[in-house]
Amino acid sequence: MPELPEVETVRMQLQRKVVGKTVADVEVFHAKSVDNNSNIEDQLRGKTISDVDRIGKLMIFSFVDEDDLFLLAHLKMTGQFFYIDKTGKTIGGGHSATAGDTELPTKHTRVTFHFTDRTSLHFNDMRIFGYVKVATANEVRTARARFGPEPISPDFDCSWFHKKLNKRKTPIKAALLDQTFIAGLGNIYVDEALWRAKVRPTRRSDKLTKKEAAALCAAAGDVMNESIAVGGTTFQHFVDTGGANGNFSDYLKVFGQQGKACERCGKIIKKIRCAGRGTHYCTGCQK
DNA sequence: GAGAGTGTTGTAAC
DNA sequence: GGTTACAACACTCT
């Protein structure tokens with residue numbers, strides 16, 4: 001479920017909580033979640049976390065005095081981190097309600113990191129698409145190279161963006177979801193950014209005007225920055241399966257709003273399938 | 001209770 | 001090479 005704003009929120013929380021902690025032990029409940037690495041315990045035991053970085057939706061842990069040892073973490077659709085301090089209090093890597101009321105590890109806990117100060121970090125992942133895996137410096141370089149620039153980066157270049165779009169014949173939605181082109185947008189925020197920019201998801205990328213590209217560029221950055229500011233809204237939707245309450249529904253203008261009236265023009269929001277994904281747009285003001 | 005749908009992405013196939 | 005379709009998996013909703 002997480003997109004860049006959620007991953008960034010989690011990263012900031014982890015940065016505060018686990019940097020400086022030394023790994024005492026690693027418990028693996030599901031081998032696939034560590035990429036079938038059978039000795040992740042031995043590789044990480046005694047290592048002290050020095051930083052938590054991020055590229056796109058991929059988190060990168062580095063360790064003190066280790067140039068060639070990293071831990072990559074990808075949440076994919078359902079991954080979550082939960083940090084437990086000495087008192088057993090849960091500090092959610094997203095939302096405390098999921099595990100806060102339950103003893104960790106839960107049945108969805110795939111990996112637990114125990115630190116020497118008796119705190120711990122749990123990696124939960126219902127669908128087992130996500131992973132935490134040990135990587136070399138070279139693997140980290142390769143991983144970083146796969147990502148395009150992020151719309152929230154201060155030096156994101158809108159004219160470069162427009163030029164690149166001109167070479168693509170896919171629906172604009174597919175282009176925006178391509179992490180090697182621009183990093184960080186997922187299905188929800190793509191729909192939201194397109195609504196803000198008044199561009200239909202199905203429009204061919206190379207048919208966008210310079211003005212539309214600029215609007216989209218700004219919309220993508222805004223939508224993500226605003227979401228980071230409120231701590232990653234989509235987490236709430238996932239946790240609160242009731243769905244329609246909380247600030248989540250207030251925030252989203254089109255995603256999941258099919259059948260409702262567009263807040264900008266009053267026309268009906270439609271849901272279609274585009275780029276293989278559920279796609280929402282306003283039939284009135286998105287051209 | 002069966003079947004479709006789900007916010008990701010690497011890979012295989014066209 | 002550019003694009004699309006699908007698989008990986010477990011759960012919820014219809």
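**Helix α8, its partners, and DNA strand C**

Hi everyone, let's start at the DNA: a polar backbone atom of Lys169 sits 3.0 Å from a phosphate oxygen of DNA strand C, a polar contact being a pair of N or O atoms within 3.5 Å, where within protein one must be able to donate a hydrogen and the other to accept it, and residues adjacent in sequence count only if both atoms are side-chain atoms. Before going on, please remember that this is a predicted model, in which local features need pLDDT of at least 70, side-chain atom pairs count only at pLDDT 80 or more, and totals for chains, interfaces and linings use all residues. Residues are numbered from 1 along each chain as its sequence is written, chains are lettered from A and ligands numbered from 1 in the order in which they are written, and side-chain values use heavy atoms, with hydrogens and water left out.

Back to the strand. Which part of DNA strand C does the side chain of Arg127 approach? An N or O atom there is 2.6 Å from a base oxygen. Lys32 also takes part, with a side-chain N or O atom 3.2 Å from a sugar or linking oxygen of DNA strand C. Altogether, twelve residues surround the strand, and His108, Met126, Arg127, Lys169 and Thr170 are the closest; "near" here means a heavy atom within 4 Å. They divide into four nonpolar, three polar and five charged. For these classes, Ala, Val, Leu, Ile, Met, Phe, Trp, Tyr, Cys and Pro are nonpolar, Asp, Glu, Lys and Arg are charged, and the others, Gly among them, are polar. On the DNA side, 59% of the strand C atoms within 4 Å of the protein belong to sugar or phosphate, and the rest to bases.

Now for helix packing. Two packed helices are described by the angle between their axes and the distance between the axes. Helices here are DSSP runs of H or I, at least four residues, numbered from the N terminus. Axes are lines fitted to C-alpha atoms over the stretch in contact, with angles from 0 to 180 degrees between N-to-C directions.

Take α7 (residues 187–196) and α8 (residues 210–229): their axes come within 8 Å and cross at roughly 130°. That makes α7 oblique to α8, since angles under 35 degrees count as roughly parallel, over 145 as roughly antiparallel, 65 to 115 as roughly perpendicular and the rest as oblique. Among the residues that meet are Tyr189 and Leu194 in α7 and Leu216 and Val223 in α8, contact meaning heavy atoms within 4.5 Å.

Next comes α5 (residues 158–165), packing on α8 at about 120° with the axes 9 Å apart. The pair is therefore oblique. Cys158, Phe161, His162 and Leu165 in α5 meet Lys210, Ala213, Leu216 and Cys217 in α8. By class, that contact has six nonpolar, one polar and one charged residues.

Finally, how far apart are the axes of α1 and α8? They are 8 Å apart, at an angle of about 40°, with α1 covering residues 4–18. Met12 of α1 is one of the residues in this contact, and Ile228 is one of those from α8. Thanks for listening!

Technical notes
Helix = DSSP H or I, 4+ residues; strand = E, 2+ residues; numbered from the N terminus.
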